[in-house]
Amino acid sequence: MKDNHNYWNPLIAGFLLGTALFISFMIAGQGMGASGAFARLTAQVTYLYDATFATNAYVAPYLRDGNALANWTVIQVVGIFIGGFISAAMAGRIKQGIDRGDGYPIYKRLFWAFLGGLLIAAATRLARGCTSGQALDGAATFSVGAWIFMLAAFGAGFLMAPLFKKQWKM
Amino acid sequence: MYPLYTTGAITTNENYLYAIFIGIMFGFILERAGFGRAKHIAPVFYFKDLRVSRVMVSAILTGAFWITLASYNGWIDFNQVFIPATYVWPYLVGGAIFGLGMVMSGWCPGTAVVGLAKGKIDAAVFLFGVLAGMYVYFDLFDSYESIANFANSGYIGKFTIDKLIGGDIYTSFIVTVLMGIGLAIFMHTMKSIRDKKEGEN
């Protein structure tokens, strides 16, 4: 399961990520985002199957201009995919697989991945963003809310971690 | 004057074009940081590998430093930068659910996009969960007024550190640095306690 290639030193990666964040603020006036793109994708896809969805109280503002996907964050997430692909391809790290502790059942691992995604989706709607759009962007622009979110997320993560020890073989 | 888009120097379409390149930059850096694998993310919750917290603290302090410097030099109009409004209670509860979801899945939405690009099946399944979760939330939000009410509770607007404790952007920057150092010290202390325990076993 080990990668063959070295990753960047975390402090250097962080320095570059913070600098990229700043470039994004200088150009677009906003930083990295991810969860908003998935909210919009869900809204758009559901709307294509069921036009009455446009009256849903949460998604109505997304669909006001006709297409929920005509949005900066959505386009930027496509970029994240391309950038991640380029980096992994250059380092020879594109490899199909499932990360889990040795001997942990695959169906259980995928069940937790799915349930985690389900919970995180709702969490990002309550918190108006995720690790990128709320924690990183917010903390870099001095928002108190970003720290409330981050401390709550890490606190809950530490508390709940023992439940998933086997999955990660810690 | 910056930001280019919010001050009207570039059009929406130009901004969208730049968004692709900005995203590529983010995706490339996230992958190089090791965030394209759940195996590199989950260990932070066991204080085993501090990659996640190190990158985050380093990125926050770097971003905050550039913004403070740019604001000092008058390059950027900080009022034109998007800062999410703070809703105290939903941020606390949302944050806690997020943390649970993260240790459960080993992913967050941004890193999972990189994981997907690398061929990680758990990232793909996680993202299906995210899409399903969005649908469920939209439906509940529309059906139950209590959810919408809770989601909008504790609203204090754009609330930066200097609004909480007084001062200006420089005060905010200093407090952010202290918070970052505090978080780093906490993580390192917990890691050395853990390493010591592991050594005894």
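**Exercise 1. The fold of chain A**

In what order do the elements of chain A run from the N terminus on?

Solution. This is a predicted model. Read chain A from its N terminus: the elements run α-α-α-α-α-α-α-α. The count agrees, with 8 helices and 0 strands in chain A. Next, take the extent. The C-alpha trace of chain A spans about 50 × 40 × 35 Å along its principal axes. Then take burial. Chain A has 170 residues, and 57% of them are buried. Last, take the contacts between residues at least 6 apart in sequence. In chain A, 61% of these join residues at least 24 apart.

**Exercise 2. The side of chain B that touches chain A**

State how many residues of each chain are in contact, and which helix of chain B gives the most.

Solution. Start with the totals: 109 residues of chain B are in contact with 107 residues of chain A. On the chain B side, helix α1 (residues 12-33) gives the most, with 18 residues. Now sort that side by class. It has 74 nonpolar, 24 polar and 11 charged residues.

**Exercise 3. Helix α4 of chain A against two helices of chain B**

Classify the packing of α4(A) against α1(B) and against α5(B).

Solution. Take α1(B) to begin with. Helix α4 of chain A covers residues 72-90, and its axis comes within 6 Å of that of α1(B). The two axes cross at roughly 40°. An angle that is neither under 35 degrees nor in the range 65 to 115 nor over 145 counts as oblique, so α4(A) is oblique to α1(B). The crossing of α4(A) and α1(B) is right-handed. By class, this contact has 19 nonpolar, 8 polar and 2 charged residues.

Turn to α5(B), residues 109-117. Here the axes of α4(A) and α5(B) are 8 Å apart, at an angle of about 50°. The pair is therefore oblique. The crossing of α4(A) and α5(B) is right-handed. From α4(A), the residues that meet α5(B) are V77(A), I80(A), F81(A), G84(A), F85(A) and A88(A). Their partners in α5(B) are G110(B), V113(B), V114(B), L116(B) and A117(B). By class, the contact of α4(A) with α5(B) divides into 9 nonpolar, 2 polar and no charged residues.

**Exercise 4. Backbone exceptions**

Most residues other than glycine have a negative phi, and most peptide bonds are trans. Describe F142(A), F47(B) and the bond from Y2(B) to P3(B) in this light.

Solution. Phi of F142(A) is positive, near 70°. F142(A) sits in the loop between α6 (131-140) and α7 (144-160) of chain A. It has 25 other C-beta atoms within 10 Å. The cut-off for buried is 20 or more, so F142(A) is buried.

F47(B) also has a positive phi, about 55°, and is not a glycine. Its loop lies between α2 (38-41) and α3 (51-72) of chain B. Around F47(B) are 21 other C-beta atoms within 10 Å, so it is buried.

The peptide bond from Y2(B) to P3(B) is cis, with omega near -5°. P3(B) is in the segment before α1 of chain B.

**Exercise 5. M179(B)**

Is M179(B) buried, exposed or partly exposed?

Solution. Locate M179(B) in helix α9 (residues 169-200) of chain B. Count the other C-beta atoms within 10 Å: there are 19. Buried needs 20 or more, and exposed needs 12 or fewer, so M179(B) is partly exposed. Now take V57(B). M179(B) and V57(B) are 122 residues apart in sequence. In space, they are 9.0 Å apart, C-alpha to C-alpha.

Note on methods. Residues are numbered from 1 along each chain as its sequence is written. Chains are lettered from A and ligands numbered from 1 in the order in which they are written. This is a predicted model: local features need pLDDT of at least 70, side-chain atom pairs count only at pLDDT 80 or more; totals for chains, interfaces and linings use all residues. Two residues are in contact if their C-beta atoms, placed from the backbone, lie within 7 Å. Helices (H or I, at least four residues) and strands (E, at least two) are DSSP runs, numbered from the N terminus. Ala, Val, Leu, Ile, Met, Phe, Trp, Tyr, Cys and Pro count as nonpolar, Asp, Glu, Lys and Arg as charged, and the others, Gly among them, as polar. Axes are lines fitted to C-alpha atoms, for helices over the stretch in contact, and angles run from 0 to 180 degrees between N-to-C directions. A crossing is left-handed if the near helix is turned anticlockwise from the far one by less than a right angle, and right-handed if clockwise.
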